[in-house]
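User: I am new to this structure and would like a close look at a single part of it. Please keep the account plain and connect the part to what lies around it.

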Amino acid sequence: KGRRNQKGKNRGCVLREIHLNVTDLDLGYETKEELIFRYCSGSCDAAETTYDKILKNLTKKKKLVTDKVRQACCRPIAFDDDLSFLDDNLVYHILKKHSAKRCGCV
Amino acid sequence: EPVLSKGNNCLDAAKACNLNDTCKRFRSAYITPCTSSTSNEICNKRKCHKALRLFFDKVPPKHSYGMLFCSCRDVACTERRRQTIVPVCSYEDREKPNCLNLQESCKKNYICRSRLADFFTNCQPESRSVSGCLKENYADCLLAYSGLIGTVMTPNYIDSSSLSVAPWCDCSNSGNDEEDCKKFLNFFQDNICLKNAIQAFGNGTDVNVW
């Protein structure tokens, strides 16, 4: 199996974006400024590594009934640049690691 | 009651900036040093100035000028415009030096010296010309003016009711040089060429130049 094939399996996990008001984030800021919020979504069902495959097999055979083992999740593997904005009381704020840049099944 | 309530051109420009990856990145890149206090200072002024110069160097004028030269009808808007360069760090200082002394310190720095010369060349007023400028080129005047941001000669709007700008200096203690000092300061504060250039950008009436 080549790398390309492996990657193709998880094409469900992708970067999406949505245009929001900063207030939509519910982080407590009062401002009229806006942003593009990028997030990771999609499935990571296909086992990516031998580790994932083993976990799946063991779960199927009920050898791990007492442990909650997690399968790969579609998560940010890199974050977007910082976002700054001026609030309604003329105070600047900076958001860090608030938006995804790249996604992966991790 | 918050100072900023209704929408305005300066707010629209800030929104547009954060929706553009380049503008967003360079905006945060100066907001960060300009708002981070150090152990005994409000901020690291040198780092703030450097990041501001980078912002005006790298971000297309559509976005950078959009925030700096936006046209306003109310105080909410003019206050936001005044805050663009984070004046508490980049502009204000404990003491206001004499403008001619400030000009001397500017001349000692290569970037400041050349940008101040550009400003005096490209924003030279001429009351007999239609544009108000000797050079008849608003784009060059705005480029020269914005080029001063991030030098010791960093200018900003001085009040919320006009387009008057000035560097952080005055003409007290000028002695025999009072006239020269006032002439220097008035080139910023009372410059028909610069005012017309800012107005033309803000109103979008000089679109061909951009």
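Is B:Asn191 buried or exposed? Please start there and work outwards.

Analyst: The model is a predicted one. In it, B:Asn191 is buried, because its relative accessible area is 2%, and a residue counts as buried when that area is under 20%. B:Asn191 sits in the loop that lies between α10 and α11 of chain B.

Consider what surrounds this residue. Once neighbours within four places in sequence are left aside, B:Asn191 is in contact with B:Cys123, B:Pro125 and B:Asn186. B:Cys123 is 68 residues away from B:Asn191 in sequence, yet the two are 7.9 Å apart in space, from C-alpha to C-alpha.

The side chain of B:Asn191 also points to the helix that follows. At the start of α11(B), a side-chain oxygen of B:Asn191 comes to within 2.9 Å of the backbone nitrogen of B:Cys193. A polar atom of the B:Asn191 side chain also lies 3.0 Å from the backbone nitrogen of B:Leu194.

That leads to the helix itself. Helix α11 of chain B covers residues 192-203, 12 residues in total, and reaches 16 Å from its first C-alpha to its last, which is close to the 16 Å expected at 1.5 Å a residue. Just after α11(B) comes B:Gly204, with a positive phi of about 65°.

Much can be said about how α11(B) is covered. Its buried residues are B:Cys193, B:Leu194, B:Asn196, B:Ala197, B:Ile198, B:Ala200 and B:Phe201. Among the elements of chain B that cover them are the helices α4 (61-68), α8 (110-122), α9 (138-147) and α10 (178-189), and the strands β1 (155-157) and β2 (165-167).

The next step is the nonpolar core. In soluble globular proteins, nonpolar side chains tend to be buried together. The largest nonpolar core here has 60 residues, and the members that touch the most others are B:Phe69, B:Phe119, B:Met153 and B:Leu194. Helix α11(B) gives the largest share of this core, six residues. B:Leu194 therefore appears twice in this account: its backbone nitrogen lies 3.0 Å from a polar atom of the B:Asn191 side chain, and B:Leu194 is one of the core members with the most contacts to other members, a core being made of buried nonpolar residues joined through side-chain atoms within 4.5 Å.

B:Phe69 shows how such a member is placed. Not counting residues up to four places away in sequence, B:Phe69 touches B:Leu142, B:Tyr145, B:Tyr157, B:Ile198, B:Phe201 and B:Gly202. Of these, B:Ile198 and B:Phe201 are among the buried residues of α11(B).

Aromatic rings give another view of the surroundings. Over all chains, a search of the whole structure finds 16 aromatic pairs. One of them joins B:Phe119 and B:Phe187 edge-to-face, with 5.3 Å from centre to centre and 80° between the planes. B:Phe119 belongs to helix α8 of chain B and B:Phe187 to helix α10 of chain B, so this pair ties together parts that are 68 residues apart in sequence. Both rings belong to buried residues: B:Phe119 has a relative accessible area of 0%, and B:Phe187 counts as buried at 11%.

This pair is not isolated. Ring pairs link B:Tyr65, B:Phe69, B:Phe119, B:Phe120, B:Tyr145, B:Phe184, B:Phe187, B:Phe188 and B:Phe201 into a cluster. The cluster thus includes B:Phe201, which is one of the buried residues of α11(B).

For contrast, take another asparagine of chain B. B:Asn173 lies in the loop between β2 and α10. B:Asn173 counts as exposed, because its relative accessibility is 78%, whereas B:Asn191 is buried at 2%. The phi of B:Asn173 is near 60°, a positive value in a residue other than glycine.

To sum up, B:Asn191 is a buried residue in the loop between α10 and α11 of chain B. Its side chain reaches the backbone nitrogen of B:Cys193 at 2.9 Å. The helix that starts there, α11(B), contributes six residues to the largest nonpolar core.

Notes:
Residues numbered from 1 in each chain as written. Chains lettered and ligands numbered in written order. Predicted model: local features only at pLDDT ≥ 70, side-chain atom pairs only at ≥ 80, totals over all residues. Heavy atoms only, no water. Helix = DSSP H or I, 4+ residues; strand = E, 2+ residues; numbered from the N terminus. Expected span 1.5 Å × (residues − 1). Buried < 20%, exposed > 50% of the residue type's maximum accessible area, 1.4 Å probe, protein only. Contact = heavy atoms within 4.5 Å. Polar contact = N/O pair within 3.5 Å; in protein donor to acceptor, adjacent residues only side chain to side chain. Phe/Tyr/Trp six-rings, centres within 6.5 Å; stacked < 30°, edge-to-face > 60°.
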